[in-house]
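Subject: Structure handover

Hello,

Here is the structure I said I would pass on. My notes on it follow below.

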Amino acid sequence: MIKNYLSLAIKNFRKQKLFSLINILGLSIGITCCLMLFLFIQNEFSYDHFHKNGKNIYRIMRVGELNGEQHEIPYVSVAYAPALINDFPDAIESAVRVMKDNNLISNNNISFNERNVFLADADFFNVFSFPLIKGDAASVLKDPNSIVLTESSAKKYFGTVDPMGKILQFNKNQALKVTGVCKDVPVNSHLQFDMVIPLEILRTTQPPEWFTNFPNNSLFTYIELKKGIDPKQLEKRFAGFMDKYLGKYYAESGHKMGLIAKPLNKIYFSSDQFDSVKHGNLKMVYIFMSIAVLILIIACINFVNLATARASDRSKEVGLRKVLGAVKKQLFGQFILESVLFATIACLISVGLLQLLMPAYNEVLGYKLPSFWTNPWFYGFMIGIIAVVGLLAGSYPALLLSSFSPIESLKGKLKIGNSGAFFRKALVVFQFGVSVLLIIGVVVVINQMKYVKNSDLGFNKEQSMIVRFDNRDIFNKGKQFKNELLTIPSVQSVSLMSGEPGGFHDSYSFEAEANPAEKFLLNTEFADLSFVKTLGLKIIAGRDLSESYGTDSLQAVLINRTAATKLGYTPEQAIGKWIKNISRDSVKRTIVGVVEDYHYVSLKTPIGPLVISPGSDNRLALIKLKSTNLKTVVENIKKVYADAAPAYPFEYSFLDERFDLLYRAEARQESVLSIFSIIAIFVACLGLFGLASYTAIKRTKEVGVRKVLGSSVQNIVLLLSKDLLKPVLLGALIAIPVGYYAMNKWLQSFAYRIEFHWWMFALAIGIAITIALLTVGIQAIKAAMANPVKSLRTE
Amino acid sequence: MIKITNLEKIYRTEEVETVALNKLSLEVKEGEFVAVMGPSGCGKSTLLNILGLLDDPDAGSFVFNGIEVAKFNERKRADLRKHNIGFVFQSFNLIDELTVFENVELPLIYTGVKSSDRKKRVEEVLDKVQIMHRRNHYPQQLSGGQQQRVAVARAVVNNPKLILADEPTGNLDSSNGNEVMQMLTDLNEQGTTIVMVTHSEHDSRYSHRIIRMLDGQTVLENIMV
């Protein structure tokens, strides 16, 4: 019986080539989107699940309020781990500190500035499941002068030679023996490293108090809990722990923080601007998920619509089968089987499409997904999709067809009731509602991104080169580096600073003349005296920092307008008042100038109060260039850098590009949304095209009669198009409030954002209607232009 | 074999009520060949639909093979139909997408005959109606007479006790028509009961008995000698 159904389905498929192609194409696109989404989501949710003890591993995080927002800060000082083990021996099995660092690693004359070096405790490979190919997990990091390489790093330094026991130089001054090789870190790990060195190696370079001080942001600390320990109970005891070690410090600074234990598998999806490890974006996962499901539904709707519209064509077959003894259940099964066959063909095409699209998809995602051919879940999901699509798309037409009365369907008197037509129209309303919704999304996102990129940021981001001070040589010779740069004619000015706009800015507690009893939490920028000039900031009261005042370096500060307001002053009133950084300054500093607010953080966050303080904590040089030959300037700067830090490769970036990176997630959403809305409207139009050509065929006789009676081509086009365009328009109208609500919500993630305008909705509807009109119009014109004699004769 | 008593069928739309069968009573014995004649709209087709268990009467009794079937539900009717009744239509009603062989095979599939048995049986029947050489053709590739022969083959493939024929020669020329009528006669001689609706006096002469209908009732019975 099934063979009979299958052969019939294939024959039907061949007979109705156009409709079959529309169905298969639509379903293939929908399923491809779904498969892509599945691979993405499966990978996202698999993060950090490969650790054997994963359920007992937690990361210690400080929690507290910064700039009025609650933050979770993953960095703690080196002293936490031993203190935790000491204070909670009943609950904590072990604690591993992990510090991400960049170091110069050399094998004889070959050196690389390695940016993914982990300095970690000896237990690292015991607690985490990064499998070792060579070496023993318990002992690889015992000796402070050892190093464990990943497979790729081992190849990089030693080629095919066995690296075990070989020596590498650490920052040119310490020898490390290779004691182990581990497998390359999988993509789905929030911890990403190329080599691991014992943290103990820092004993030789760091002052002893670095290992005992509590107020410090140095590294991550992971704890493995003993079996059966409830982390919530442990967290309750952390309050006493923080009091014991940091109570005094917090009392002085007036700023208090708590401590929590974050489960390992929750780290990837938690996001905080202060957390530098690899993070996922749950919001993006959900956006992906909804869009792919919507496209699949749109494709299923095409199937339902075309199948029901064509139902009367198959009524004779249904009637006959019933006469010959088929019962409803058998016919239902037959039609379901047909839709499952369609879904299967579409699914196979999708796998081919997926293989083709994978490289581009990886590009959009920004990383490489593991191959799906060896993924058993992928096959399971595919079977699931075939079943769901087969049932979803097949059941309504199957129900409708199998319920036909045999007598009427054999006589050809069958009328598919108005409810069927109504149902089809409702589905078209849904399809175009979704399409217009996506277009509204694209229009709003594009406009917001344009706004973000073209806003006046309050500083000059053009032609500004960033050179990071990421090694000790350049850090120690920063001043010399700057002075030599200024001798290059194309360099306009140079400023050494702690954080560029869009980069990291510390928060410190301040005392202020405004209210000496209160502690003010303010952002800080530690820079030299050329900061304002180099960034092109605007002084709105007082003066800029200057060499000509000999005391500026030690006793003066600038603040921004928001800081003045926070202290309770107008910009003018703030001049001459004092403030003091409780942890950093030994003397009070005088506010000598107020700068206009500038966006030192992205436009997603409101501008906070900022203190620009002369200081030597310089982590980068910002080099303002005059517009001349960029290539020569870069060459010249490279030479100057080589003088200061000869062992390190010269690396640089540009401020405008860095700032754009702050909107990476949004830019990705923009491209994903654009691509998917094009796909959605394409699939929806595919269905509309099918319905339009079907209507044209069914009404051939009517069109012929009307033409014979004198109707014009325009009249007929209008007649045929009107019915199909009404649901499109209705769908578009329904999409407006939904789109307004959804995009308003999206815009809330920006502190600075565009307003809604009526034209955004009009544009979205315009695009959808135009495309729909073209789709329907072509078919209608074709039908209207046909020779009436011919159409009447065939009747 | 068939005994109907006071059978009524009324079609209702919002405004009009049409009486298709008006207290009609009729008996058909096993092995009989009955022709039903009458003008358009007299209720012939309605009668045939009810006899074929495709439709149910509004009132009256319908005893088929000694069982009262007037109140049977769709499932029971389908079951009784597929084992006992074969149909031949004026417009052949073959499924265009299936080959000659597959069309004839269809009733056997629904009665659950095994695949190997089906092949044997279909070939037997196709041989009998002399269309075996066309077994892999599609209906469109056959002449009208050939199509009707396939339809007859399909009607008899299950060895039904009753064949209902609705103007079986209506779409055929006289020579093909005669051929089909001869086939029905042969089947009848082998014991199959046949009820045939026809407009053709010529065809009706093949039957044992002619029932003439008007306005939903039988008005005359001619016994052929």
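How many residues lie between β9(B) and β10(B) in the hairpin that they form? There are two residues between them, and Asp215(B), which sits in the turn, has a positive phi of about 45°. Please keep in mind throughout that this is a predicted model.

The hairpin in chain B

Strand β9(B) covers residues 209-214 and runs antiparallel to β10(B), with six bridges joining the two. Two of the pairings can be looked up directly. Ile211(B) has Glu221(B) as its bridge partner in β10(B), and Arg212(B) stands opposite Leu220(B). As for cover, β10(B) has hardly any: among its seven residues, the count of buried ones is zero.

The sheets in chain B

The hairpin strands belong to an open sheet of six strands in chain B, ordered β6-β7-β8-β3-β9-β10, and the pairing in this sheet is mixed. The edges are β6 (85-88) and β10 (217-223) of chain B; each has a single partner strand, so one side of each is left without a neighbour in the sheet. On average, and ignoring direction, neighbouring strands here are turned by 20° against each other. Helix α5 of chain B, residues 144-156, lies across β6 and β7 (162-166) of that chain and runs at about 170° to β6(B).

Chain B also has an open sheet of four strands, in the order β2-β1-β4-β5, where the pairing is antiparallel. Its edge strands, β2 (17-28) and β5 (67-68) of chain B, each pair on one side only. Strand β1(B), residues 2-12, is joined to β2(B) by eight bridges, and the two run antiparallel. One pairing to look up here is Ile2(B), whose bridge partner in β2(B) is Val28(B).

Chain A as a whole

Chain A has 795 residues, of which 40% count as buried. The chain holds 25 helices and 22 strands, and its C-alpha trace spans about 100 × 65 × 55 Å along the principal axes. Of the contacts in chain A with a separation of 6 or more, 83% are between residues 24 or more positions apart.

The nonpolar cores

Nonpolar side chains tend to be buried together in soluble globular proteins. In this model, the largest nonpolar core has 163 residues, and Ile295(A), Ile440(A) and Ala680(A) have the most contacts inside it. Helix α7 of chain A, residues 282-309, gives the most to this core, with 15 residues. If residues up to four places away in sequence are not counted, Ile295(A) touches Ile29(A), Gly30(A), Cys33(A), Phe676(A), Ile679(A), Ala680(A) and Val683(A). Another core, of 118 residues, lies apart from the largest one; among its members are Tyr80(A), Ala122(A), Phe531(A) and Ala556(A).

Two helices of chain A

Tyr80(A) also appears in helix α3 of chain A (residues 80-87), where Tyr80(A), Ala81(A) and Leu84(A) are buried. Why do they fall on the same side of α3(A)? They cover an arc of only 95° around the axis, and that puts them on one and the same side of the helix. An α-helix has 3.6 residues a turn, so residues three or four places apart point the same way.

The other helix is α17 of chain A, residues 561-567, which contains Ala563(A). Is Ala563(A) buried or exposed? Ala563(A) counts as buried because it has 29 C-beta neighbours inside 10 Å, where 20 or more are needed. Leaving aside neighbours within four places in sequence, Ala563(A) is in contact with Leu522(A), Pro609(A), Leu610(A) and Val611(A). Val595(A) is 32 residues from Ala563(A) along the chain, and the C-alpha atoms of the two are separated by 9.8 Å.

Where the chains touch

The contact between the chains takes 17 residues from chain A and 18 residues from chain B. On the side of chain A that touches chain B, α1 (2-15), α8 (315-323) and α11 (406-411) of chain A each supply at least two residues. The largest share of that side, five residues, comes from α1(A). By class, the side of chain A that touches chain B has 10 nonpolar, three polar and four charged residues.

Regards

Notes
Residues are numbered from 1 along each chain as its sequence is written. Chains are lettered from A and ligands numbered from 1 in the order in which they are written. This is a predicted model: local features need pLDDT of at least 70, side-chain atom pairs count only at pLDDT 80 or more; totals for chains, interfaces and linings use all residues. Two residues are in contact if their C-beta atoms, placed from the backbone, lie within 7 Å. Ala, Val, Leu, Ile, Met, Phe, Trp, Tyr, Cys and Pro count as nonpolar, Asp, Glu, Lys and Arg as charged, and the others, Gly among them, as polar. Two strands pair if DSSP finds at least two bridges between them. Axes are lines fitted to C-alpha atoms, for helices over the stretch in contact, and angles run from 0 to 180 degrees between N-to-C directions. A residue is buried if 20 or more other C-beta atoms lie within 10 Å of its own, exposed if 12 or fewer, and partly exposed in between; C-beta atoms are placed from the backbone. The arc is that of the directions from the helix axis to the C-beta atoms. A nonpolar core is a set of buried Ala, Val, Leu, Ile, Met, Phe, Trp, Tyr and Cys residues joined through C-beta atoms within 7 Å.
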